[in-house]
Amino acid sequence: EGLYGYLGAGYNQPLDSDLGDVVAGDIEYDAGLGVLGAIGYDYGDYFRTELELGLRTNDVEDVENFDGGLGDTDVFTAMANMIFTAPVSSAFEPYIGGGVGIGRIERDVSATGLDLDDDDVQLAYQGIAGVAFKVAESLALDVSYRYLRLEDQDIVTPAGEVEAEYAAHGVFGGLRWNFGSPAAPAPRAQAAPAPAPTPAPALAPVDAVAEDLEIIVYFDLNSSVLTAQADALIQQAASTALSDDINAVVVSGHTDTSGSTAYNQVLSEKRSAVVQEALVRYGVPATMIRSSALGESSPAVATGDGVREPLNRRTEVSITFE
């Protein structure tokens, strides 16, 4: 949640520009380059909005029915986009969206008997589909497809007024980085007591009287993957537990309230299972472990529906001794 920035570049291929009835023929373009920059805000509920600036430039390949077609076309855009990110539990974040704004198109096209040298500002709109892959804590690799279209451009020629079309397909790759927000950042599982509302007690030393052991393992948003710190915490807990006579181990998975109830139930089951598997891997007998998945029904921090709360994305482990 919070402000983010984006910078990217890629392939831009305009469709043939129909010049209408006055000048029979189409302008055909070579593939060209596009660059995009955006500043936006992620609302933390799968929606984000952004202001995008772009430049697309292409050389003319040919002008149908005319000899010697040369020139280029540049399109500058300022778009307001709304984007929806799919609620999936994956390192990849697919998304779709759309935008509306203005586009300034500059055509410099010449051929034998034809000269189109004009610029115009028109309404622009686009469709967007893409996927982002997280490469660092606040950095993602972003690849997207965009279909851009402008309202027809009016160009005055000696033969009369021409209505020239412009539409283009583009594939762009870039980096999106999140500046964060003043709200508390998502915690990471730590070998020390995790930053839970009620701190977990220190692990009992081997030579001390065995006391019940409680640990909390935290997860990233939409994730059931253990971090290195979380794995180390589970290993330490298993080692301490095995030094005494275990009575029972209870593992319970939880989620925050973002996403649907059904989706969160499945996600909590995955979080419970991955912690149970780690405990068994470090020597705790599977027959002593009882696991449950509570979904979003038992939050550590009470929130409304659809709220991303880091402290609720957790699996709790309770170990009792004989």
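The protein chain contains two helices and 14 strands, and it should be kept in mind from the start that the model showing them is a predicted one. Of the 322 residues of this chain, 41% count as buried, while the chain exposes about 15,100 Å², of which carbon and sulfur atoms supply 58%. Looking at how the chain meets itself, one finds that among contacts with a separation of 6 or more, 70% are made by residues that stand 24 or more positions apart.

A good place to begin a closer reading is one particular sheet. Four strands form this open sheet, following one another in the order β11-β14-β12-β13, and their pairing is mixed. At the edges lie β11, which covers residues 213-218, and β13, which covers residues 289-293, each of them pairing on one side only. If direction is ignored, neighbouring strands of the sheet are turned against each other by 15 degrees on average.

Within this sheet, the student may follow one pair of strands in detail. Strand β12, made of residues 246-253, pairs with β13 in the parallel sense, and five bridges join the two; for Val250, the bridge partner in β13 is Arg290.

Both helices can now be placed in relation to these strands. Helix α1, formed by residues 228-242, packs on the sheet and touches β11, β12 and β14, the last of which spans residues 314-321; the direction of helix α1 makes about 165 degrees with that of β11. Helix α2, formed by residues 261-281, lies across β12, β13 and β14, and it runs at about 160 degrees to β13.

Methods:
Residues numbered from 1 in each chain as written. Predicted model: local features only at pLDDT ≥ 70, side-chain atom pairs only at ≥ 80, totals over all residues. Heavy atoms only, no water. Pairing = 2+ DSSP bridges. Axes fitted to C-alpha atoms, helices over the stretch in contact; angles between N-to-C directions. Contact = heavy atoms within 4.5 Å. Buried < 20%, exposed > 50% of the residue type's maximum accessible area, 1.4 Å probe, protein only. Areas by Shrake-Rupley, 256 points an atom, 1.4 Å probe, with all protein chains shown as cover.
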